[in-house]
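Here is an informal walk through one structure, taking in a pocket, some charged pairs and a few backbone oddities. Have the viewer open as you read.

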Amino acid sequence: MNKELLKENISESVKDILKKYNISDINESNILISINNCIDNIFEGIDIDQRKRLVSFNPNHQNYVDTNDPWNPKPIYNEVEGYKVISIFKRKETEDKHDGNPVIYALKDIRGWKFKNPSYDIFALLRRFVSVTKELKENFDVIITTPSSNKLNTEVLYRIRRLINHETSYEDFFYKYGANDVYENFLDTNYLETHYNEDEQEHIHDLLYEAISNMMKPKENKGNDGIFSYKFIPQQELRKCIIKSLGINKLYKDEITYGKYLNGKKILVIDDTVTSGKTISDSATAIKDMYDPESITFLTLFSPLERNKNNLEK
């Protein structure tokens with residue numbers, strides 16, 4: 001959707017109508033301003049075919065995900081766990097509970113989701129990604145990606161390197177802890193004891209043990225090969241019981257070598273999406289445990305979930 005062309009065509013039509021019917025008591029300038037404002041706030045969305053597990057870009061509505069606009073790109077700003085988060089696409093809560101997640105799954109090529117027309121759909125999203133990223137006004141010294149089991153974050157990093165001026169970037173800076181390691185060493189017992197009684201604590205331990213057991217299964221059996229992942233813990237309250245889920249790779253635990261690149265620097269961390277914010281807080285904690293950056297900002301493809309006002313009122 002070329003919004004500038006749309007504005008131009010509608011403006012010409014309005015002028016023709018006012019002239020044709022000799023309408024003089026309506027302020028043409030005010031009408032055109034209102035029209036332009038309406039067009040500026042049009043976003044484009046996604047179609048989802050649940051039966052065929054297909055996702056497709058649709059410029060005619062804003063369902064599931066607002067995909068932004070290449071002619072009037074607007075980065076989406078949020079604050080999560082005390083950190084600035086900049087996003088490209090806005091996830092929206094939907095009645096069918098998909099909440100835009102199939103788009104993420106299709107991009108990651110997981111859970112059987114695919115793009116209906118990959119060459120068109122991915123190009124449309126990529127074009128918007130580039131347009132929005134170019135609008136970022138911030139400068140960053142270091143770019144880091146969070147660990148991912150697929151190549152999506154790496155692909156984003158590859159493009160970000162070309163779009164944002166920076167001194168250095170790291171693709172393998174973090175590593176994810178093993179599931180058993182998190183369960184044995186990084187459960188927040190203080191949080192559990194101050195928020196839950198003994199019966200509730202026991203129940204939470206059972207739920208977390210079940211989640212950890214599922215993570216230990218091979219990926220072909222819907223597990224995660226023993227690597228910890230928050231996706232196996234959908235309950236937000238349970239995630240709060242985890243102190244941290246990732247650390248810094250041994251190579252980068254060398255302040256003498258890497259301190260000059262990270263201390264006092266503006267760091268941009270790339271992740272695919274924001275759910276509970278735990279990956280954000282875990283990543284920031286890992287960096288600050290070792291280094292002293294000036295700031296840490298996060299760039300995500302998909303924003304935190306925008307709650308449906310109708311659902312909140314129910």
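Helices here are DSSP runs of H or I with at least four residues, strands are runs of E with at least two, and both are numbered from the N terminus. With that settled, α4 is the element that gives the most to the lining of the second largest pocket, with five residues. Keep in mind throughout that this is a predicted model.

**The second largest pocket**

How much space lies in the second largest pocket? The answer is about 340 Å³. Its lining counts 17 residues, and the closest to the centre are L107, I122, L126, L152 and E155. Which elements each supply at least two residues of this lining? They are α3 (101-108), β6 (114-115), α4 (118-134) and α5 (152-163). By class, the lining has 13 nonpolar and four charged residues, with no polar ones.

**Around α3 and α4**

Two of those elements deserve another look. α3 is mostly covered, since seven of its eight residues are buried. The buried set consists of N101, P102, V103, I104, Y105, A106 and K108. Just past the end of α3, D109 takes a positive phi of about 60°.

Over in helix α4 sits D121. What is the nearest side chain of opposite charge to this buried residue? It is K116, but K116 is 8.2 Å away, and D121 has no salt bridge. The cut-off for a salt bridge is 4 Å between a Lys or Arg side-chain nitrogen and an Asp or Glu carboxyl oxygen, so a pair at that distance does not make the list. D121 does have a polar partner, though: its side chain reaches the backbone nitrogen of F57 at 3.0 Å.

**Salt bridges**

How many salt bridges are there? The count comes to six. Three of them are set out here.

| Salt bridge | Closest N to O |
|---|---|
| E167 and K265 | 3.7 Å |
| K240 and E237 | 3.0 Å |
| K244 and D289 | 4.0 Å |

Start with E167 and K265, which form a salt bridge with their closest N and O atoms 3.7 Å apart. This pair links distant parts of the chain, 98 residues apart: E167 is in the loop between α5 and β8 (168-170), while K265 is in the loop between α10 (255-262) and β11 (266-273). Are the two partners buried or exposed? E167 counts as exposed, at 52% relative accessibility, whereas K265 is buried, with a relative accessible area of 19%. The cut-offs explain those labels, because buried means under 20% and exposed means over 50%.

K244 and D289 meet through their side chains at 4.0 Å, N to O. Here too the pair links distant parts of the chain, 45 residues apart, with K244 in the loop between α9 (236-239) and β10 (246-248) and D289 in helix α11 (residues 278-290). D289 is exposed, at a relative accessible area of 55%.

As for K240 and E237, whose side chains meet at 3.0 Å, both fall in the middle class. K240 is partly exposed at 44% relative accessibility, and E237 is partly exposed with a relative accessible area of 38%.

**Positive phi angles**

Most residues other than glycine have a negative phi. Which way do R53 and D225 go, positive or negative? R53 has a positive phi near 55°, and D225 likewise has a positive phi near 55°. R53 lies in the loop between β1 (45-49) and β2 (54-58) and is partly exposed, with a relative accessible area of 30%. D225 belongs to the loop between α8 (198-216) and α9, and it is partly exposed as well, with a relative accessible area of 45%.

**Two pairs across the chain**

Finally, a couple of C-alpha distances to try in the viewer. I76 is in strand β4 (residues 76-80) and counts as buried, at 15% relative accessibility. How far apart are the C-alpha atoms of I76 and S303? They are separated by 7.3 Å, though the residues are 227 apart along the chain.

The other pair is S148 and K176, which are 28 residues apart along the chain and have C-alpha atoms separated by 8.7 Å. S148 is in the loop between β7 (142-145) and α5, and at 30% relative accessibility S148 counts as partly exposed.

Technical notes. Residues numbered from 1 in each chain as written. Predicted model: local features only at pLDDT ≥ 70, side-chain atom pairs only at ≥ 80, totals over all residues. Heavy atoms only, no water. 1 Å grid on protein atoms, 1.4 Å probe; cavity = no way out; pocket = protein on both sides within 12 Å on 5 of 7 lines; lining within 4 Å. Points joined across faces, edges and corners; volume = space filled by probe spheres on them. Nonpolar A, V, L, I, M, F, W, Y, C, P; charged D, E, K, R; others polar. Buried < 20%, exposed > 50% of the residue type's maximum accessible area, 1.4 Å probe, protein only. Lys, Arg positive; Asp, Glu negative; His and termini not counted. Polar contact = N/O pair within 3.5 Å; in protein donor to acceptor, adjacent residues only side chain to side chain.
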